[in-house]
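Visitor: Hi, I've got a new model to look at and would like to talk it through. Could you pull it up for us?
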Amino acid sequence: MPASDFAQALQHYLESSLGPLQSLCPVPGGGAQGAAVWHAILASGKQIAVKKHIHAGAGEVEFGVLKMLYTLGAPVVRPHHWDPHLGILTSEWVGQRTLAAAISAVNVPQQRKEHALCELAQSLLRGCVALETAFVGIAERLPLRSTGEPQRRQAEVRERCRSAPETYARLADHCNLAVPKGWKPALQAALKAMADSLCDGRLTFGGRDCTPRNVLTDGAQVWFLDFAVIGLDWPEARLAQYAAAVAANTESQPLASLLTHGEERWYVESGCIDSAQLDMHHLLLWSEAARLLFDGKLGTPSSQNTVLGERLRQAMHLALFPLAPKSPAEPVRSLLATVFAIELTE
């Protein structure tokens, strides 16, 4: 048993409510900002996940959302109890690794690696469809509806579109690629048109922390975690964020998307999403990945590091995928190709 004051208080609380404990251990990296996760094993052998929320409001929201999603059969962990006085949420313990860890652990010959990633992709797709469907069923019951949220989300996307050309210009400069005259303002205009089209898409309720760290998997099934922050987003954006797994990659592995573009379009065609705007989300996602690399937030130090150059090229390659016919992102993609065409052949 851990010896800290908080651990002792937590142990006392759990034993008074659930019975004697066999062990109680913190989960490294568990929980988001403002939360910590512990793994408790009762003397009976039952295993419990214990999440300590610093902000009680977030814990109350998460518990309520988990109850509704679980009742609808969504692939989430089963919630047990929420104590608003202590800020402790208990739920079922799913003893599986995160999707991020599962992706990083695929270290086999290329043919077998593609098969293993394909199985993970199919599991994620099935889980995302079920989760999106369940959220539709509870959207009207969620207590977080805000009349200003659609405008805020659209403003965020427009800001990302405005800042993306600067990131691509930095990327071109770092890779010693020439930028044609007028390229940057043309890219800015194309991205603005792309943002206009994107903002016409349908926003739906869902989790706002859509990362592979918040998905557990046994390879065939997934369980989604962390619903302390709920809000509006484009469902295509949630899928793209789950699929990217950029931050989960180590520097010894190439940046890679878990899902192929074709697999993502299958998700769109499954009927879970009305509009196919994955192209635009990808372009924004990978410009964001490049910006984070420049800022040293994906584990790469200075801009002079040779590893950074390779990671930036990998990010750019991921942005230059084939587009769907008549995609609203085509003008942006064409302008990027004028500078980064060499990346298409590598």
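Visitor: Where in α5 does the kink lie?
Guide: In this predicted model, α5 has a kink of about 30° at S163. The proline P165 comes shortly after that point.

Visitor: And how far apart are the end C-alpha atoms of that helix?
Guide: They are 37 Å apart. Helix α5 covers residues 149-174, and at 1.5 Å a residue its 26 residues should span 38 Å, so the two values agree.

Visitor: Which residues of α5 are buried?
Guide: The list is E149, R153, V157, C161, A164, P165, T167, Y168, A169, L171 and A172. The proline P165 that follows the kink is one of them. Part of the list can be read with helix geometry in mind: an α-helix has 3.6 residues a turn, so residues three or four places apart point the same way. E149, R153, V157 and C161 are among the buried residues to look at with that in mind.

Visitor: What follows α5?
Guide: N176 does, and its phi is positive, near 55°. N176 is not a glycine. Most residues other than glycine have a negative phi.

Visitor: Is N176 buried or exposed?
Guide: N176 is exposed, because its relative accessible area is 71% and the cut-off for exposed is over 50%. N176 sits in the loop between α5 and α6.

Visitor: Which other non-glycine residue has a positive phi?
Guide: D226 has one, at about 65°. D226 belongs to the loop between β9 and β10. D226 is buried, with a relative accessible area of 10%, whereas N176 is exposed.

Visitor: Let's go to the sheet with β9. What is the strand order there?
Guide: The order is β6-β8-β9, in an open sheet of three strands with antiparallel pairing. β6 (97-98) and β9 (222-224) are at the edges. Each has a single partner strand, so one side of each has no neighbour in the sheet.

Visitor: How many bridges do β8 and β9 pair over?
Guide: Three, in the antiparallel sense. One bridge joins T217 to V222 in β9.

Visitor: What is L216 in contact with, leaving aside its neighbours within four places in sequence?
Guide: L216 lies in β8 and touches V94, Q96, R97, T98, L99, Q221, V222, W223 and L225. L216 is buried, at 9% relative accessible area. Its C-alpha is also 10.0 Å from that of P75, with the two positions 141 residues apart in sequence.

Visitor: Switching again: where is G207 found, and is it buried or exposed?
Guide: G207 is in strand β7, residues 204-207. G207 is buried, with a relative accessible area of 8%. Leaving aside neighbours within four places in sequence, G207 contacts F135, F227, V229, I230 and R238. The C-alpha atoms of G207 and E62 are 9.8 Å apart, although the two are 145 residues apart along the chain.

Visitor: I always check the histidines. Which side chains does the side chain of H39 make polar contacts with?
Guide: The side chain of Q47 is one partner, at 2.7 Å. The side chain of W93 is another, at 3.5 Å. H39 is in strand β2 and is buried, with a relative accessible area of 16%. Leaving aside neighbours within four places in sequence, the residues in contact with H39 include S23, L24, C25, V27 and I48.

Visitor: Back to helices. How many residues of α9 are buried?
Guide: 14 of its 17 residues are, so α9 is largely enclosed by the rest of the structure. Helix α9 runs over residues 278-294 and reaches 24 Å from its first C-alpha to its last, close to the 24 Å expected. Just after α9, G296 has a positive phi of about 75°.

Visitor: Last one, the overall picture: how many helices and strands are there?
Guide: The protein has 11 helices and 10 strands. Of its 346 residues, 49% count as buried. About 16300 Å² is exposed, and carbon and sulfur atoms supply 54% of that. Among contacts with a separation of 6 or more, 66% join residues 24 or more positions apart.

Notes
Residues are numbered from 1 along each chain as its sequence is written. This is a predicted model: local features need pLDDT of at least 70, side-chain atom pairs count only at pLDDT 80 or more; totals for chains, interfaces and linings use all residues. Side-chain values use heavy atoms; hydrogens and water are left out. Helices (H or I, at least four residues) and strands (E, at least two) are DSSP runs, numbered from the N terminus. The expected span of a helix is 1.5 Å times one less than its number of residues. The bend at a residue is the angle between axes fitted to the seven residues ending there and the seven starting there. Buried means under 20% relative accessible area, exposed over 50%, partly exposed in between (1.4 Å probe, protein chains only). Two strands pair if DSSP finds at least two bridges between them. A polar contact is a pair of N or O atoms within 3.5 Å; within protein, one must be able to donate a hydrogen and the other to accept it, and residues adjacent in sequence count only if both atoms are side-chain atoms. Contact means heavy atoms within 4.5 Å. Accessible areas come from the Shrake-Rupley method with a 1.4 Å probe; for residues, only the protein chains shown count as cover.
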